[in-house]
Amino acid sequence: MKRSRINQIMAEADEMIRSFGFVLPPFAYWTPQEFQANASVARSLIDARCGWDITDYGAGNFDKMGLFLFTLRNGRLDDLQRGGGMCYAEKLLISREEQLSPMHTHVVKAEDIINRGGATLVVELYGSDPDGRFAEDQGGTVLCDGIARTFKPGEKLRLAPGESVTLMPGDWHAFWGEGGDVLIGEVSTVNDDETDNIFREPIGRFAKIEEDEDPTHLLVSDYGEQLL
């Protein structure tokens with residue numbers, strides 16, 4: 001992805017988020033130079049990889065297959081492993097109309113996916129085999145706003161604004177906006193996007209960046225090069 005396109009997506013996403021009454025935290029608006037100057041006091045943000053995250057999954061066609069994310073807070077794996085402390089994470093996502101977030105699951109993370117506003121969020125579901133692998137003939141059961149719902153393999157949930165689904169490790173899922181763009185909330189256990197996204201197809205989690213202009217704000221994938 002070109003950096004200029006990423007900068008544009010950031011501006012459009014911020015406008016959409018504000019239109020639904022949400023405001024990103026102050027560090028979201030730091031320039032790269034401000035982030036570098038604050039790196040020592042922002043170490044917990046950097047280590048938790050909080051911030052801007054825009055991906056085309058390495059496929060080079062963001063409008064067709066991609067996702068906007070902003071990690072607002074993220075806990076510590078050590079706390080999760082010992083069973084106490086900061087064991088949670090929260091994100092805002094934007095799924096555009098017919099923009100696919102491809103079929104995947106998680107090994108550790110359980111998550112609530114919440115339609116915070118906009119159009120309909122479609123979530124396509126499959127179950128797993130006994131080893132957690134994608135199973136095209138397996139359904140399962142999820143919670144929709146706390147109510148158990150059994151799904152058939154390949155069934156598509158349609159979530160209106162305010163509705164949600166709880167996905168556990170081994171619940172394979174893909175999602176996209178239907179009838180327009182969707183603002184999505186994600187509340188989950190500790191999030192590790194580098195190791196805990198298992199895709200059905202051999203694709204990448206992060207975009208490859210072409211630096212055609214300076215970044216407005218750093219992506220979480222920039223932190224290793226810019227801040228560490």
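**Surface patch, cavities and pockets**

Q: What makes V107, V108 and I198 a nonpolar patch on the surface?
A: Together, V107, V108 and I198 offer about 240 Å² of accessible area (Shrake-Rupley method, 1.4 Å probe, with only the protein chains shown counted as cover for residues). A patch takes residues with over 30% relative accessible area and no salt bridge, joining nonpolar side chains (Val, Leu, Ile, Met, Phe, Trp, Tyr) within 5 Å and like charges within 9 Å. A salt bridge here is a side-chain nitrogen of Lys or Arg within 4 Å of a carboxyl oxygen of Asp or Glu. V107, V108 and I198 form such a patch.

The model is predicted, with local features needing pLDDT of at least 70 and side-chain atom pairs pLDDT 80 or more, while totals for chains, interfaces and linings use all residues. Residues are numbered from 1 along each chain as its sequence is written, and side-chain values use heavy atoms, without hydrogens and water.

Q: Why is V107 called exposed?
A: The relative accessibility of V107 is 58%. Exposed means over 50%, buried under 20%, and partly exposed in between (1.4 Å probe, protein chains only). V107 therefore counts as exposed. V107 lies in the loop between strand 4 (101–105) and strand 5 (111–128); strands (E, at least two residues) and helices (H or I, at least four) are DSSP runs numbered from the N terminus.

Q: What makes a space in this model a cavity, and how many are there of 30 Å³ or more?
A: On a 1 Å grid over the protein atoms alone, a cavity is a set of points where a 1.4 Å probe fits but cannot get out; a pocket is an open set with protein on both sides within 12 Å along at least five of seven lines, and lining residues have an atom within 4 Å of a point. By this rule there are 2 cavities of 30 Å³ or more. The largest cavity has a volume of about 150 Å³, and the second largest about 40 Å³; points are joined across faces, edges and corners, and volume is the space filled by probe spheres set on them.

Q: Which residues line the largest cavity nearest its centre?
A: Of its 18 lining residues, L67, L69, H104, E186 and N197 lie nearest the centre. Strand 11 gives the largest share of this lining, 3 residues.

Q: Where is the centre of the largest pocket, and how much space does the pocket hold?
A: The residues nearest its centre are D47, A48, R49, N74 and N191, and the largest pocket holds about 550 Å³. Helix 3 gives the most to its lining, with 5 residues.
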